[in-house]
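Here are a few exercises to work through with the model open beside you. Try each task before reading its solution.

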Amino acid sequence: MRIVSGKYKSRRINAPKNLPTRPTTDIAKEALFNVLNNHYYFEDISLLDLFAGIGSISFEFASRGTEHIMSVDKHYGCVKFIEATAKVLDAKIDVIKSDVFKFLENSNLNVDIIFADPPYDFSDAQFLNISTLVFERNLLKENGLLIIEHSKHTDLSNNPHFTYLKKYGGSVFSFFEL
C-alpha cells in the first residue's frame, strides 16, 4: 500500500500477507480523496474508519492532516498492525478491536466522515445495517458523510440516505448523507 498525498506521501506500508484484508487500490483512493478535497479541510474533520483492515484510509487522512481518527477492526493482527504503523509515522489514530456492528450499536460518537470498507461478499442486509445504524444512532455531524466501499456487483442506491456513487475499476464508493 502506498500513501497517495500529504506529509507521508509516497510512503509504502507493507502489511503481513496473513491479514484478511483487501486494501483500497491507490487509484481508487486517489480518486476518492479528489472528491473529498473539494468538500473538506482535512485538518478540521474527524474520521471513523470501519473495517479498517491495514489502515489504508486512516493513514491517508492522517497524512493529509486529520488528527481525530478512530479505526475499528475485529481482527487482532489488523489492529496491532495499525497501532504499530501509526507509532512509526507518529500519526494520531485511536484503534479499537471490535465487531463493527457491535461498535456502532454502542457508539455515541459524532464525526464528520465515516468510511466503511466491509467484505465485498456482504449481503444486502449487512450493507443496509451499516447505514441504518449510522443514521439511527446519529453518528454523523450535521453535514457528515458516510462512504461505503463495495464491489461493482453490489447496488446500494435504494438504501435510505443514498446520494450518489463513484466507480473506479471494480470498486465503488457509495455516499450517504442526512
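**Exercise 1.** Find the bridge partner of K167 in β7, then place the two strands involved in the sheet.

*Solution.* Start with the pair: K167 bridges to V172 in β7. Next, look at the strands, which are DSSP runs of E at least two residues long, numbered from the N terminus. β6 and β7 (residues 171-176) run antiparallel over 6 bridges; strands count as paired if DSSP finds at least two bridges between them. Now zoom out: the open sheet has 7 strands in the order β3-β2-β1-β4-β5-β7-β6, with mixed pairing. β3 and β6 (162-168) are the edge strands, each pairing on one side only.

A quick word on the source: this is a predicted model, where local features need pLDDT of at least 70, side-chain atom pairs count only at pLDDT 80 or more, and totals for chains, interfaces and linings use all residues. Residues are numbered from 1 along each chain as its sequence is written, and side-chain values use heavy atoms, leaving out hydrogens and water.

**Exercise 2.** Is D90 buried or exposed? Locate it and check its phi too.

*Solution.* First, find D90 in the loop between α3 (76-89) and β3 (93-97); helices are DSSP runs of H or I with at least four residues. Its phi is near 60 degrees, positive in a non-glycine residue. Finally, D90 counts as exposed because its relative accessibility is 65% (buried is under 20%, exposed over 50%, partly exposed in between, with a 1.4 Å probe and protein chains only).

**Exercise 3.** Do likewise for N138.

*Solution.* N138 sits in the loop between α5 (124-136) and β5 (140-151). Its phi is about 55 degrees, positive although N138 is not a glycine. With a relative accessible area of 52%, N138 is exposed.
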